[in-house]
Amino acid sequence: MQQLPLSAKMFHGAVSIEKTETYMKPWRIPFDQAEIFLPNGIGGQAEIPAGVRITIRSNTKIIKIGILDATELMQMDCLINGSLYKTAHISKGDTSVHFDGFSDETKLIEIYLSQKVAVPITGIWIDEHAKWELVEDSRLHWVTYGSSITHCYYSESPSQTWPALASNEMDFNLTCLGYSGNCFLEPTVARMIRDMPADFISMCVGINIVRGNALSDRTFAPALMGFIQITRDKQKDVPIAIISPIFNREYEKTENKVGLSLEKTRKEIVQVIETLKKYGDQNLYYLDGLEMFGEEYEKYMPDGLHPNAEGDKILAVRFQQMAEANVPMRVKNK
């Protein structure tokens with residue numbers, strides 16, 4: 001087999017690529033500024049490559065991906081021309097994964113990395129005489145920010161998280177900024193989104209803020225308004241959709257220790273959007289989390305909080321339906 005020269009351009013959906021003598025590792029923050037993204041690179045979640053994929057075009061009939069010793073059981077997906085070809089299950093201690101049985105036709109190969117653990121890549125190999133090329137993704141760039149519900153740890157596999165499914169169906173170039181256990185409207189993340197290329201931005205906010213008593217009915221709205229305004233410093237006319245929390249029985253009406261419930265949170269989000277639109281921001285849109293994934297879908301949340309694999313598939317469909325109905329069609333790929 002021939003070993004390909006590792007290149008940052010192979011990694012789609014990453015914010016930065018850490019390069020060492022032995023591996024390349026995708027991050028969802030600037031890795032060299034991890035200490036700024038408190039705590040510890042957003043709780044250690046930013047080094048987990050949810051939504052990140054290795055992408056090449058080749059006529060190879062096999063591809064092998066080298067990794068540092070897997071720290072736990074994880075999965076990778078191989079998509080051929082946008083369709084799921086195979087899911088690989090990688091055991092703790094494994095140092096490589098391969099996908100084979102391809103045709104010898106030239107095709108788009110995407111390897112979705114695990115959404116559960118960090119994945120340092122040590123090498124990529126294809127057939128000895130196969131041709132290959134890097135791929136420039138010219139589709140509209142969708143940046144989505146959120147919590148574990150956007151990170152999707154419990155999805156069936158890495159390419160079947162709801163953002164990955166929706167982006168594939170809507171033909172978007174995805175960067176997923178879902179950080180499990182986080183999404184507290186961090187100003188550092190707002191600055192990062194501000195500086196990223198984006199044609200469409202979505203933000204699913206509120207659930208961890210309420211559950212973690214992180215912001216109150218006094219502080220939530222100003223924090224959200226500031227987060228949006230920081231993003232707007234450079235993303236002047238990019239459509240931004242704010243997604244309110246999906247259903248959670250425990251905190252729907254019950255206020256947290258600082259007076260905030262999910263019901264209040266949704267009202268505050270609507271008010272923030274209406275206020276900013278009043279002052280000239282006409283590219284803000286509201287997507288109601290209860291309409292997207294309400295009480296009728298509670299059976300797809302075994303722990304009462306996180307959608308399971310089937311729930312993520314429903315979320316992908318509902319997001320696409322609501323985004324296409326509420327956000328101008330110009331955000332879609334032409």
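The exercises below, each with a worked solution, concern selected helices, loops and backbone features of one predicted model.

The model is predicted, so that local features need pLDDT of at least 70 and side-chain atom pairs count only at pLDDT 80 or more, whereas totals for chains, interfaces and linings use all residues. Residues are numbered from 1 along each chain as its sequence is written, and side-chain values use heavy atoms, with hydrogens and water left out.

**Exercise 1. Helix H9**

Compare the expected span of helix H9 with the distance between its end C-alpha atoms, and find the residue that caps its N-terminal end.

*Solution.* Helices (H or I, at least four residues) and strands (E, at least two) are DSSP runs, numbered from the N terminus. H9 covers residues 309-326, and its 18 residues should span 26 Å at 1.5 Å a residue, the expected span being 1.5 Å times one less than the number of residues. The end C-alpha atoms are 26 Å apart, which agrees with that expectation.

For the cap, look at Asn308, where a side-chain oxygen lies 3.2 Å from the backbone nitrogen of Glu310; a polar contact is a pair of N or O atoms within 3.5 Å, and within protein one must be able to donate a hydrogen and the other to accept it, while residues adjacent in sequence count only if both atoms are side-chain atoms.

**Exercise 2. The packing of H3 on H9**

Describe how helix H3 packs against H9, giving the angle and the distance between their axes.

*Solution.* H3 (residues 162-170) and H9 pack at an angle of about 45°, with their axes 8 Å apart, where axes are lines fitted to C-alpha atoms, for helices over the stretch in contact, and angles run from 0 to 180 degrees between N-to-C directions. That angle makes H3 oblique to H9, since angles under 35 degrees count as roughly parallel, over 145 as roughly antiparallel, 65 to 115 as roughly perpendicular and the rest as oblique. On the H3 side the contact (heavy atoms within 4.5 Å) is made by Trp162, Leu165, Ala166, Glu169 and Met170, and on the H9 side the residues include Asp312, Leu315, Phe319 and Ala323.

**Exercise 3. Two loop residues**

Is Thr161 buried or exposed, and which backbone atom lies 2.9 Å from a polar atom of the side chain of Asn248?

*Solution.* Thr161, in the loop between helix H2 (148-151) and H3, is buried, with a relative accessible area of 5%; buried means under 20%, exposed over 50% and partly exposed in between, with a 1.4 Å probe and protein chains only. A polar atom of the Thr161 side chain lies 3.2 Å from the backbone nitrogen of Ala164, and among the residues that Thr161 touches, not counting those up to four places away in sequence, is Asp312.

Asn248 is found in the loop between strand E16 (240-243) and helix H7 (262-278) and is buried, with a relative accessible area of 3%. The atom sought is the backbone oxygen of Gly304.

**Exercise 4. Backbone features**

Locate the cis peptide bond that leads to Pro39, and state how exposed Asn40 and Asn213 are.

*Solution.* The bond from Leu38 to Pro39 is cis, with omega near -10°, and Pro39 lies in the loop between strand E4 (24-27) and helix H1 (40-43). Asn40, in H1, has a positive phi of about 55° although it is not a glycine, and is exposed, with a relative accessible area of 64%. Asn213 has a positive phi of about 55° although it is not a glycine; Asn213 is partly exposed, at 28% relative accessible area.
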